[in-house]
Amino acid sequence: MDRHPMLVFATGRNCAAYVEDHIRSIARQTLDGVHLLFVDDASTDGTDARAQALLAQWLPGRHQFVRNPQRMGKAHNASVHLRAMAPHYRAVAVVDADDLLIDITVLEQLDAAYRQGEDVVWTNYLSDAGRFGSNGPLNRYVSPRKQPWQSSHLFSFRAELLARVPPSYFQYPDGRWLDAACDLAIAYPVLDQTRRYRYLPVRAYCYTESNPQSHHQIAGEADALSSPRQRECARIVLDKPPLPRVDEPEQVVTDEATTTDARTANPWLAARLCAQVPSLLSGLEPDQLSALDPSLLWDWWQWLAQHPGARVLVLGDDAHQPALRLLVAAANGQLHTLDTGDGARWSEVSFEAHTARLPDLGTLDGEVFDAVHLGPAAWNSTPQPVVALAALAPHLDLSQPRLVMAGLNPTRIAVAGTEIPALVPELLTRREGQRGDVLVIESGNAPAATDTGVTPGAAAEEVPA
């Protein structure tokens with residue numbers, strides 16, 4: 001089915017003072033083929049007549065106007081009116097009828113992300129009172145329901161995800177339509193279904209917090225941006241069970257020490273990666289490409305796309321270093337390497353009962369990186385992940401660290417997966433890679449540097465070899 005690229009879903013009540021700016025902000029978007037679904041929720045101030053006149057003027061042939069005969073609320077409007085129109089579009093962007101888009105290219109930016117394969121994309125916002133939004137990226141390895149709410153305005157999603165959301169997810173337990181926290185009611189069941197999502201760090205949306213009809217204004221909590229009823233409804237939304245994922249099946253980790261890994265190469269994943277980073281094909285020889293693990297590189301690219309400009313340290317010259325350099329460059333980052341070849345300096349590093357030999361980190365002169373990759377050649381001894389974590393802690397941005405170790409055996413990964421969370425509860429470990437020989441260590445909720453359990457400069461004792 002040939003679908004239009006973007007449907008903007010707007011709903012509001014008694015917004016006559018705001019609809020002109022709202023509709024004009026949609027009409028001036030640079031993306032071709034944008035349509036607007038405008039739902040008037042039984043307004044009594046003439047919003048319906050004003051909106052219809054402005055839609056005919058600014059979006060002729062590119063809008064659908066619906067008026068509810070009685071007040072139903074945004075959750076109902078999303079489940080009923082939006083659900084009926086969404087199948088004709090690739091993606092849906094949610095813009096309240098009293099708010100507006102302040103970046104004329106933002107829908108074009110969203111559409112580009114969807115054409116690259118994303119399922120959910122959001123931006124940041126500011127309010128008409130000058131407040132800056134606190135949106136940001138989500139950790140793809142933790143349920144969105146267990147993370148802070150940071151995917152509000154401008155929120156968008158691939159249209160077919162809405163069809164999989166039962167109407168009950170927009171309702172109170174007794175079947176009434178939710179009348180608050182409706183943005184959460186829309187977002188969470190969509191986010192449940194996929195981890196192919198992206199945060200665009202642009203303030204593209206203006207939230208009209210001064211509207212006297214807003215929940216926080218009605219409740220007399222103008223400084224809170226939420227009301228007691230919104231917080232009550234938010235709890236109801238979060239208590240709903242997460243919907244099943246449709247992007248990829250969850251990886252089930254069995255007893256790694258006694259079973260054989262059954263993972264196989266995924267040529268489509270490699271093709272998708274090369275489509276997003278064409279320099280891989282132009283910058284590497286065929287024999288270099290054939291030696292790569294597409295699952296490992298895809299995991300890196302997903303992280304780099306959410307952390308543009310990241311500084312990455314690579315220890316151990318392996319087949320992935322040239323590819324990592326191209327990925328980091330494509331994300332406008334910087335890659336730094338430490339020599340592990342002939343003549344390299346090594347240090348013996350100890351942490352608790354573990355000892356390992358790693359490249360001499362003293363040559364880094366205290367530099368701090370956003371992420372570190374250890375290849376198999378990074379070790380001059382038996383790999384000890386907990387030692388590497390302790391030794392590298394002073395060189396990692398501990399607000400949201402990422403440490404990747406490749407070429408480990410399943411037993412060592414299983415042990416590290418128990419030891420590291422026990423030492424540092426804020427950290428998560430997972431097994432990655434086409435052969436299941438990659439250990440990824442990342443923060444769960446961006447721990448502060450002083451809360452990691454690994455004290456920089458004291459956790460590991462390093463003795464130059």
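**Exercise 1. The nonpolar cores**

Task: Describe the largest nonpolar core of this predicted model and state which residues have the most contacts inside it.

Solution. Step one concerns the size of the core: it holds 43 residues, and Phe9, Leu82, Val120 and Phe157 have the most contacts inside it. Step two asks which element contributes the largest share; helix H6 (residues 182–192) does so, with 8 residues. Step three turns to a separate group: a second core of 34 residues includes Met6, Leu31, Leu59 and Ala204. As general background, nonpolar side chains tend to be buried together in soluble globular proteins.

Task: List the residues in contact with Phe9, leaving aside its neighbours within four places in sequence.

Solution. Among the residues that Phe9 touches on this basis are Leu37 and Val39. Further along the chain follow Lys74, Asn77, Ala78 and Leu82. The list is completed by Val92, Ala93, Val94, Val95 and Ile186.

**Exercise 2. The chain as a whole**

Task: State how many helices and strands the protein chain has, and what percentage of its residues is buried.

Solution. The protein chain contains 15 helices and 17 strands. Of its 465 residues, 53% are buried. The exposed surface of the chain is about 19800 Å², and carbon and sulfur atoms supply 52% of that area. For contacts with a separation of 6 or more, 76% involve residues 24 or more positions apart.

**Exercise 3. A serine in strand S7**

Task: Determine whether Ser156 is buried or exposed, and identify the partners of its side chain.

Solution. First, Ser156 is located in strand S7 (residues 155–158). Second, its relative accessibility is 0%, which is under the 20% cut-off, so Ser156 counts as buried. Third, the side chains of Ser156 and Tyr114 are joined by a polar contact of 2.7 Å. Fourth, a polar atom of the Ser156 side chain lies 2.7 Å from the backbone oxygen of Val121. Finally, leaving aside neighbours within four places in sequence, Ser156 is in contact with Val92, Ala93, Leu110, Tyr114, Val120 and Val121.

**Exercise 4. A serine in strand S11**

Task: Classify Ser350 by its accessibility and name the residue joined to its side chain by a polar contact.

Solution. Ser350 belongs to strand S11 (residues 346–351). Its relative accessibility is 23%, a value between the cut-offs of 20% and 50%, so Ser350 counts as partly exposed. The side chain of Ser350 makes a polar contact of 3.2 Å with the side chain of Thr355. From C-alpha to C-alpha, Ser350 and Val386 lie 9.6 Å apart, with their positions 36 residues apart in sequence.

**Exercise 5. Two enclosed helices**

Task: Explain why helices H12 and H14 are described as largely enclosed by the rest of the structure.

Solution. Helix H12 (residues 294–306) has 13 residues and reaches 18 Å from its first C-alpha to its last, close to the 18 Å expected at 1.5 Å a residue. Because 12 of these 13 residues are buried, H12 is largely enclosed by the rest of the structure. Its buried residues include Trp298, Trp300, Trp301 and Trp303, together with Asp299 and Gln302. At the N-terminal end, Asp293 caps H12 through a side-chain oxygen 3.0 Å from the backbone nitrogen of Ser295.

In helix H14 (residues 385–392), 8 of the 8 residues are buried, so H14 is also largely enclosed by the rest of the structure. Among the buried residues of H14 are Pro385, Val386 and Leu392.

**Exercise 6. Aromatic pairs**

Task: Give the number of aromatic pairs and describe the pair formed by Trp122 and Tyr199.

Solution. The count comes to 7 aromatic pairs. Trp122 and Tyr199 form a tilted pair, 6.5 Å centre to centre, with 40° between the planes. This pair links distant parts of the chain, since Trp122 lies in strand S6 (residues 120–127) and Tyr199 in strand S8 (residues 197–207), 77 residues apart. Trp122 is buried, with a relative accessible area of 0%, and Tyr199 is buried at 13%. Phe155 and Phe157 form another tilted pair, at 6.1 Å and 40°, and both of these residues are buried. Ring pairs also link Trp122, Tyr197 and Tyr199 into a cluster.

Definitions and conventions
Residues are numbered from 1 along each chain as its sequence is written. This is a predicted model: local features need pLDDT of at least 70, side-chain atom pairs count only at pLDDT 80 or more; totals for chains, interfaces and linings use all residues. Side-chain values use heavy atoms; hydrogens and water are left out. A nonpolar core is a set of buried Ala, Val, Leu, Ile, Met, Phe, Trp, Tyr and Cys residues joined through side-chain atoms within 4.5 Å. Buried means under 20% relative accessible area, exposed over 50%, partly exposed in between (1.4 Å probe, protein chains only). Helices (H or I, at least four residues) and strands (E, at least two) are DSSP runs, numbered from the N terminus. Contact means heavy atoms within 4.5 Å. A polar contact is a pair of N or O atoms within 3.5 Å; within protein, one must be able to donate a hydrogen and the other to accept it, and residues adjacent in sequence count only if both atoms are side-chain atoms. The expected span of a helix is 1.5 Å times one less than its number of residues. Accessible areas come from the Shrake-Rupley method with a 1.4 Å probe; for residues, only the protein chains shown count as cover. Rings of Phe, Tyr and Trp (its six-membered ring) pair if their centres lie within 6.5 Å; planes under 30 degrees apart count as stacked, over 60 as edge-to-face and the rest as tilted.
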